[in-house]
Amino acid sequence: MELFSIIFGKMEILVVYIIMGIIAVKSGLFDKDTLNHFSKYVLKMALPIMIFTNCTYRISADELPYVGAVLVVMVVMYIIIQIVTSFTIKKFGLKGEKSKLYRALSTFGNDAFIGFPIILAAYPETGIFYVSLFTVVDLALLWTWGMKLTTPEEKFEKVGIAATLKRFLNPAFIAVVLGIIRMITDFPLPEVVDTALTNVGATASPVSMIYIGGILCFSDLKQYLKRTEYYLVVLVKMIIIPIVLFVLMTIFGLKSEMAASMALLAGLPTVLTLVMMTDSNGSDKDYILGGVLVTTIASIVTMPFVSFVIGRMM
């Protein structure tokens with residue numbers, strides 16, 4: 001019950017942020033232009049800084065087996081997600097750009113904005129290791145493969161290799177690389193710089209949730225709620241896969257804290273960054289936005305539910 005209480009409490013805070021975004025728009029404080037500036041701030045400053053400042057865990061030689069275990073779990077998770085996603089794409093007849101976007105929203109969870117706060121709240125001592133490693137790998141995929149999935153095919157065909165590589169050299173991906181180096185070398189930062197960067201990075205989660213609340217006011221939520229394929233993401237990725245992964249990790253004797261952390265990270269809603277990526281890449285932002293809104297709203301229920309089930313099995 002303790003895990004459930006912690007996760008439920010963190011989700012309540014995220015709901016408050018979303019409501020604040022709605023109030024800000026309805027009261028005339030924010031408009032669409034303000035939200036666009038919010039997205040640029042999160043994407044190009046707050047998120048990269050948050051990634052870098054949270055990569056503080058020094059991986060020792062004794063923990064290398066756990067690194068391997070985390071990577072194996074992630075590989076299994078990605079394989080299961082891709083198999084289910086391929087079936088769904090075929091079932092719903094999604095073609096071309098839609099099929100790529102659906103694969104993106106089914107694959108990448110919101111580990112940076114939601115995963116970090118809930119795992120660190122649940123496991124303040126060991127959680128940073130699991131969530132940092134998971135996030136670094138997930139974001140590395142997001143800013144490479146995810147960038148390709150959210151960019152229309154003709155745009156890749158019209159540019160050369162150098163221009164394509166330039167797309168991947170964005171602030172978040174650079175932060176991932178620097179974060180990996182920091183985890184390996186444990187190089188220190190001056191205290192004043194570290195404090196300032198940490199404070200800026202801490203704004204990424206609340207600002208991103210306020211953005212979601214604000215964008216809800218400019219969206220036709222009813223049309224998104226009618227898309228059945230979104231609910232398969234909720235059912236399979238956010239409920240079934242986390243519970244199955246936890247059971248498998250428990251059977252193979254992994255530590256309960258590690259199993260719970262990885263399961264919760266696997267069940268996160270679609271990452272908000274995809275909306276910003278599709279917008280800047282000229283793809284169908286509304287389709288991704290629908291997936292983000294539906295899965296984020298659903299996570300208010302699914303995250304506490306999964307944590308309750310996991311807590312009962314621990």
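Trainee: What percentage of the 314 residues in the chain do buried residues make up?

Mentor: The model is predicted: local features need pLDDT of at least 70, side-chain atom pairs count only at pLDDT 80 or more, and totals for chains, interfaces and linings use all residues. Residues are numbered from 1 along each chain as its sequence is written, and side-chain values use heavy atoms, leaving out hydrogens and water. Buried means under 20% relative accessible area with a 1.4 Å probe, counting protein chains only. On that criterion, the buried share of the chain is 52%.

Trainee: Is Gln-82 buried or exposed?

Mentor: Gln-82 lies in helix H3, residues 64-91, where a helix is a DSSP run of H or I with at least four residues, numbered from the N terminus. Contact means heavy atoms within 4.5 Å; leaving aside residues up to four places away in sequence, Gln-82 touches Arg-103, Thr-107 and Trp-145. Its relative accessible area is 16%, so Gln-82 is buried.

Trainee: How far apart are the end C-alpha atoms of helix H16?

Mentor: The expected span of a helix is 1.5 Å times one less than its number of residues. For the 29 residues of H16 (residues 285-313), this gives 42 Å. The computed separation of the end C-alpha atoms agrees with that value, at 39 Å.

Trainee: On which residue is the kink in H16 centred?

Mentor: The bend at a residue is the angle between axes fitted to the seven residues ending there and the seven starting there. In H16 the kink is about 50°, and the residue at its centre is Ser-299.

Note on methods: Helix = DSSP H or I, 4+ residues; strand = E, 2+ residues; numbered from the N terminus. Buried < 20%, exposed > 50% of the residue type's maximum accessible area, 1.4 Å probe, protein only.
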